[in-house]
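Trainee: Could you take me through one part of this structure up close? I'd like to dwell on the place where the two chains meet.

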There are 2 protein chains.
Amino acid sequence: MSNIRDVAKVAGVSIATVSRALSAPETVSKKSLKKVHEAIEQVQYKPNMLARNFRRHRAFTIVVLVPNMANTFFANVVRGIEDIMQQHGFGVLLGDTRDQRKREEEYLKLVETRQADGVIQLRPYLEGDSILPKNDIIAVNAAGCENTPYPCVRIDNAGAAKTATDYLISLGHQRIGVITGLANNPHTVDRLKGYQQSLTAAGIEFCEDWVAEGEFTMWSGLNAAQHFVRLPEDERPTAILSMNDEMAIGAIKGFRTAGINIPGDLSIVGFDDIEVSRYTEPALTTIAQPAEEIGKAAANMLLKLLDGNELRNLDYVLPYEFVVRSSSVPKSN
Amino acid sequence: MSNIRDVAKVAGVSIATVSRALSAPETVSKKSLKKVHEAIEQVQYKPNMLARNFRRHRAFTIVVLVPNMANTFFANVVRGIEDIMQQHGFGVLLGDTRDQRKREEEYLKLVETRQADGVIQLRPYLEGDSILPKNDIIAVNAAGCENTPYPCVRIDNAGAAKTATDYLISLGHQRIGVITGLANNPHTVDRLKGYQQSLTAAGIEFCEDWVAEGEFTMWSGLNAAQHFVRLPEDERPTAILSMNDEMAIGAIKGFRTAGINIPGDLSIVGFDDIEVSRYTEPALTTIAQPAEEIGKAAANMLLKLLDGNELRNLDYVLPYEFVVRSSSVPKSN
DNA sequence: GTGAAAGCGCTAACAG
DNA sequence: CTGTTAGCGCTTTCAC
């Protein structure tokens, strides 16, 4: 394995010139540049990034903390992050935390020990249960919630949930159920707020029985459906807002298994607009989050921070879109 | 930011002792060890991994090349990889190549420039269109195909496709269609082989019209369905093998839109067993690949290679499972 | 069991 | 525009 010294020797220049030829070619004469490139070719030189990064005190790597990479929405956010980072010469270390705090801490150590320059967190901030923000750690939150105490890019979760609920009400539904994530999850909190605002605005009284707690998985959506199935038919919601598409998909399965027709007997609206939601039967009405854009914006924010710049906006809110498909219909009779 | 020298000074020992206390504690006296740990605490020392890795000529990082992270199957393989790597103190750099050769090359440079020690490739090997194997690059292929010229962990794709087709034949189906990936994709080739073996064994003549080319996306599955819909009804397959679940899901949508009832009019079998396949309507009969296990096995192989060990088995074949659900039924009348 | 010292391969003043 | 030189923070001989 050849090094910068070998190149310098063959090219007949100093190692400084070789170094400059690579990282600041404009400061080197055409002639030297040519010699250096020929020498590089000849000795098959590949710069040792381990050495370069060490010397520069930068890893040119970030780590992304994601609760579950198998979740399509998260995967798409990560793709956006990676795309931007790649363009800027940064690597992205994957930190699939599987919702375990210990793993989050483990991955954060990469930043503390300089293996990574910064971190993008995909888990929403929760007071008392967050490893971020932290001193000396440059971080941004992606797809998070209101009132995140460090730079954050997100959508208006409450507003989106209100939009979806308003729509169901406009369809004539009065008994509107909701499938949430875990009760203390900030996404649950924000979206529940929007749901309740909508109910209040329409003069509908909130009912505990209309809330089924899930955990953002298909499986938990199916369980949530069973909760509603158990209610007497005249108290059962005629429409349901699910706080993500996975749970909506699970719920549809659960309702159908119980002989409840979707959307004939019950309308359902999801959240996220993952790809498969266009293909389910019925196709899912849902809130479309711009997953990749969220990732890209978060990456750009982090890059600015890493360059030592101040951020103009610490809470960057991207627009969502409400997509009507066939899982929601006017209340029958 | 404190360094090893600060620790040594406070502890009253040499920097060599501090270094040893951290990487080979058994060679240091209890007394020194205690002093060192107290000093570390006092000056808040975090070892600089950039320096350590540079000095050790190892990045303790690998890169994983994945065609598309938004594909649930790939995501699960990556999760398996990451889990093992994490346990062994290695980071995993994400290389979502989006099926672009240029991006593959870009990411491979990380290995050549020592930012990563090795690579796991999730795209199957294709002669004449592969950046691997490559001299001086330690690599293993995960979820690949037969005859991969470097270490590989996979399932028996041909066997699995044959199993699925045999099953459809046993259900009385004679006209059996297949939705493939791109024609030159090795997975397409291997699985098509199994499909044809099954047909031959049953004395059914292969028919060109029964093959629709997709590209492993839901969208392309939907298009493939339209190809079959265009065939005269008495020549149309009564059962279809889709080379992955995504295309099967797209195809179901396509058939249903055309008024074809699944599984009443047409049985369909998928491949991979991604999570959502349990929740579709009808639930998908499919070949279950042990995605995480494949990832873990590939990671363990790479780790062995990185430690300079020889591999006992260069083609590690894991078992698949055939999962019967409701998308496949006996041929009607 | 411990310390002194020599670098790993590169970058970045600094002087010319 | 170019070369000399002093390290970055750590590991690892080699003596003692």
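Mentor: Here is a walk along the interface of chain A and chain B, with a short stop at one helix afterwards. Keep in mind that this is a predicted model.

Let's start with how the two copies are arranged. Turn chain A by 180°, shift it 0.1 Å along the axis, and it lies on chain B with an RMSD of 0.2 Å. That is what a two-fold axis does, which is why we can call it one. If you want a landmark in chain A, take A:Leu93: its C-alpha is the one nearest the axis, at 2.2 Å. The contact surface fits this picture, because 100% of the interface residues of chain A are interface residues in chain B too, so the copies meet through the same surface.

Now for the extent of that surface. With contact taken as heavy atoms within 4.5 Å, 55 residues of chain A touch 55 residues of chain B. People often express the size of an interface as the accessible area lost when the parts come together. Here the two chains bury about 4900 Å² between them, and 57% of that is on carbon and sulfur atoms. On the chain A side, the residues losing the most area to chain B are A:Leu50, A:Arg79 and A:Tyr279, which together make up 15% of what that side buries.

A:Arg79 deserves a second look, since its side chain also forms a salt bridge with that of B:Asp96, at 2.8 Å from N to O. Across the whole interface the rule finds seven salt bridges, and the count of residue pairs in polar contact between the chains is 24. As for which elements do the touching, α4 (49-56), α5 (72-87), β2 (91-96), α6 (101-112), α9 (218-230) and α10 (245-257) of chain A each supply at least two residues. The largest share of that side comes from α5(A), with nine residues.

One last stop, at α7 of chain A, residues 157-170. At 1.5 Å a residue its 14 residues should span 20 Å, and the end C-alpha atoms are 20 Å apart, so expectation and model agree. Ten of those 14 residues are buried, so the rest of the structure largely encloses α7(A). Among the buried ones are A:Asn157, A:Ala161, A:Ala164, A:Tyr167 and A:Leu168. After the helix comes A:Gly172, with a positive phi near 100°.

Notes. Residues are numbered from 1 along each chain as its sequence is written. Chains are lettered from A and ligands numbered from 1 in the order in which they are written. This is a predicted model: local features need pLDDT of at least 70, side-chain atom pairs count only at pLDDT 80 or more; totals for chains, interfaces and linings use all residues. Side-chain values use heavy atoms; hydrogens and water are left out. Copies are superposed by least squares on the C-alpha atoms of residues with pLDDT of at least 70 in both. Helices (H or I, at least four residues) and strands (E, at least two) are DSSP runs, numbered from the N terminus. The expected span of a helix is 1.5 Å times one less than its number of residues. Buried means under 20% relative accessible area, exposed over 50%, partly exposed in between (1.4 Å probe, protein chains only). Buried area is the accessible area (1.4 Å probe) that two parts lose on being put together, summed over both. A salt bridge is a side-chain nitrogen of Lys or Arg within 4 Å of a carboxyl oxygen of Asp or Glu. A polar contact is a pair of N or O atoms within 3.5 Å; within protein, one must be able to donate a hydrogen and the other to accept it, and residues adjacent in sequence count only if both atoms are side-chain atoms.
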